[in-house]
Amino acid sequence: LKCNRFPVALAVLESKDPDTYERRLGPVKITSPYKTTYYVNGPMDHRWNGVHTSLLRLSTFFFAVEVNKAYRFEFTNTNPNNLRVYLLNPVRKTDALMYTMPYIGPFVLQVWAGGNVVNTANKAPALTDPSGSNFYEVPPATRQITVNIRGDSPNIYVRILSTVFVSVKLQLTTADFYADQFISNVATLLAIDPRTIKIVSVTRNTSATSARAITTRA
């Protein structure tokens, strides 16, 4: 890509989940550093069913960005568990893109860059920080992650782990969360009195249709 006014690059969001053909994540809402907003759709049908085009479409989204700027990306569907974000053929190794993306749910996120895990920092990264530098904000702030991508290591993976945040200082695996201290864990997660929680039933998440029912009383 070439622009006479400022340097640009092609950014890509790509779902690496097994359902990337079936589950639509878009359109993706893009907010530029100038507070302008636009929406990006994915590619058209990707296969053929005999003589007819298929309804299967990759959840991959391409869009031009001004390098060395900060953007905000938001899926209009549930975020994928395995997300690849990268700059396609960056011109310079110093080209950078910093993005912020919201997440819904008490997830623990893990960022990978160059095949290595990059631990989250205690503050938002800068455009000059190494690729993969990230900051994951959790409540009481907005639940969102900010990641920096640089041209010298342009491939970033953000993965949702099977772990939940019980509080800012405490993380549990999902198995431990639903173990003996279940009521206490839920109370801590919701910041409510444990005495207000009543368990109706608990069903382990062994299929897509299983659910856990919890009701609270004032």
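D95 is buried, with a relative accessible area of just 1%. In this predicted model, the side chain of D95 meets that of R92 in a salt bridge, with N and O 3.0 Å apart. R92 itself counts as partly exposed, at 37% relative accessibility. The bullets below walk through the charged pairs, then the aromatic rings, and then the places where the two topics meet.

**Salt bridges**

- The structure holds 5 salt bridges, and the pair of R92 and D95 is one of them.
- Another salt bridge links E14 with K16, where the closest N and O atoms are 3.3 Å apart.
- E14 also meets R84 in a salt bridge, at 3.2 Å from N to O.
- E14 lies in strand 1 (residues 8–15) and R84 lies in strand 8 (residues 82–88), so this pair ties together parts that are 70 residues apart in sequence.

**Buried or partly exposed?**

- How accessible are the residues around E14? E14 is buried, with a relative accessible area of 14%.
- R84 is buried too, because its relative accessible area of 19% falls under the 20% cut-off.
- K16, in contrast, counts as partly exposed at 41% relative accessibility.
- Returning to the pair of R92 and D95, here a partly exposed arginine meets a buried aspartate.
- Which residues do shared salt-bridge partners join into one network? They are E14, K16 and R84.

**Aromatic rings**

- A search of the whole structure finds 4 aromatic pairs.
- Among them are Y71 and F73, whose ring centres are 6.4 Å apart and whose planes stand at 35°, so the pair is tilted.
- A pair of aromatic rings is described by the distance of the centres and the angle of the planes.
- Y71 and F73 are both buried.
- Which residues form one aromatic cluster? Y71 and F73 belong to it, together with F63 and Y99.

**Charges over rings**

- R84 appears here again: its charged end sits over the ring of Y86, 3.8 Å from the ring centre.
- R84 therefore has two contacts to look for in the structure, a salt bridge with E14 and a place over the ring of Y86, and R84 is buried, at 19% relative accessible area.
- What lies over the face of W112? That residue is R159, at 5.0 Å from the ring centre.

Definitions and conventions
Residues are numbered from 1 along each chain as its sequence is written. This is a predicted model: local features need pLDDT of at least 70, side-chain atom pairs count only at pLDDT 80 or more; totals for chains, interfaces and linings use all residues. Side-chain values use heavy atoms; hydrogens and water are left out. A salt bridge is a side-chain nitrogen of Lys or Arg within 4 Å of a carboxyl oxygen of Asp or Glu. Buried means under 20% relative accessible area, exposed over 50%, partly exposed in between (1.4 Å probe, protein chains only). Helices (H or I, at least four residues) and strands (E, at least two) are DSSP runs, numbered from the N terminus. Rings of Phe, Tyr and Trp (its six-membered ring) pair if their centres lie within 6.5 Å; planes under 30 degrees apart count as stacked, over 60 as edge-to-face and the rest as tilted. A charge sits over a ring if NZ of Lys or CZ of Arg is within 6 Å of the ring centre and within 35 degrees of the ring normal.
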